[in-house]
Amino acid sequence: MTSDPLTAGPITVPADPGPFHCSPAHTALLIIDMQRDFVEPGGFGETLGNDVSLLRSVIPPLQRVRAASRAAGMAIIHTREGHRADLTDCPPAKLNRGEPSLRIGDAGPKGRILIRGEYGHDIIDELTPRTGEVVIDKPGKGAFYATELHELLQVAGITSLVVTGVTTEVCVHTTVREANDRGYECLVLSDCVGSYFPEFQQAGLAMIAAQGGIFGWVAPSAVYLDALSALCPAAVGAATGEEWS
């Protein structure tokens, strides 16, 4: 799951509630659900009445984090939430929730809503995975539920996750909680996760770091980049936009 040889040394990231320690060789960058259906107009997020522009602010800092993490040789893992075409993996409790203008499986401007293989289900152009990077297709909110993620991380010797993506209070939070239950140490980058609701963004991040880091650590991407660049100078140029492809 890694692209280049890794520097073995650890890094320390100033974070809330305290320093986050990890080794890039045993850490993966997890990019959660940066899909057209959630981030672009005409997708599922908008059918629920949300302003999708609120999520797009995470794209530039996430591009920088991804470029620097790649330069350091870290594993990059993407997730996509979606369902089979026949919806056999989408329970009524999810399918019938709320009052969206279009439900999961309905035809929308970007194809059938949240159906695997449709245009809207795929990751946005700004964060397209490179060949060889893992893409996890998940039917639920958490990245561990009904997927091979835990097994892949174990095989790769990953013990820590740098978590990014959308939305903070739903898929990010669920994944961090699942990861914590499985023994992974999680650092959530506060400007690389986003919510349709500013109050949920604030509360979601506070809950992760509460009570001494009950679910993990929270930090802005700038301090993560500083720590990574000190260990891997190649990350400096990548994070400033020289390797955003």
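This note goes through one helix, one strand and a few backbone details of a predicted model.

1. Ground rules. Because the model is predicted, local features need pLDDT of at least 70 and side-chain atom pairs count only at pLDDT 80 or more, while totals for chains, interfaces and linings use all residues. Residues are numbered from 1 along each chain as its sequence is written, and side-chain values use heavy atoms, with hydrogens and water left out.

2. Helix α5. Helices (H or I, at least four residues) and strands (E, at least two) are DSSP runs, numbered from the N terminus. Helix α5 covers residues 149-156, and its buried residues (buried: under 20% relative accessible area; exposed: over 50%; partly exposed: in between; 1.4 Å probe, protein chains only) are L149, H150 and L153. These residues lie on the same side of α5 because they cover an arc of only 100 degrees around the axis; the arc is that of the directions from the helix axis to the C-beta atoms.

3. What lies over that side. The cover of the buried residues of α5 includes β3 (27-32), β4 (75-81), β7 (134-138) and β8 (160-166). Contact here means heavy atoms within 4.5 Å. After α5 comes G157, with a positive phi near 75 degrees.

4. Strand β7. In a regular strand the side chains alternate between the two faces of the sheet. The covered face of β7 holds V134, I136 and K138, and the uncovered face holds V135 and D137. Strands β4 and β7 run parallel and are joined by 5 bridges; two strands pair if DSSP finds at least two bridges between them. K138 of β7 is the bridge partner of E81.

5. Two cis peptide bonds. One runs from D16 to P17, with omega near 15 degrees. P17 sits in the loop between β1 (11-13) and β2 (20-22). Another joins V166 and T167, where omega is about -15 degrees. T167 belongs to the loop between β8 and α6 (168-181).

6. Positive phi outside glycine. L114 is a residue other than glycine with a positive phi, near 55 degrees, and A146 also has a positive phi near 55 degrees. Which loops hold them? L114 is in the loop between β6 (111-112) and β7, and A146 is in the loop between β7 and α5. Their surroundings can be stated too: L114 is buried, at a relative accessible area of 1%, whereas A146 is exposed, at 56%.
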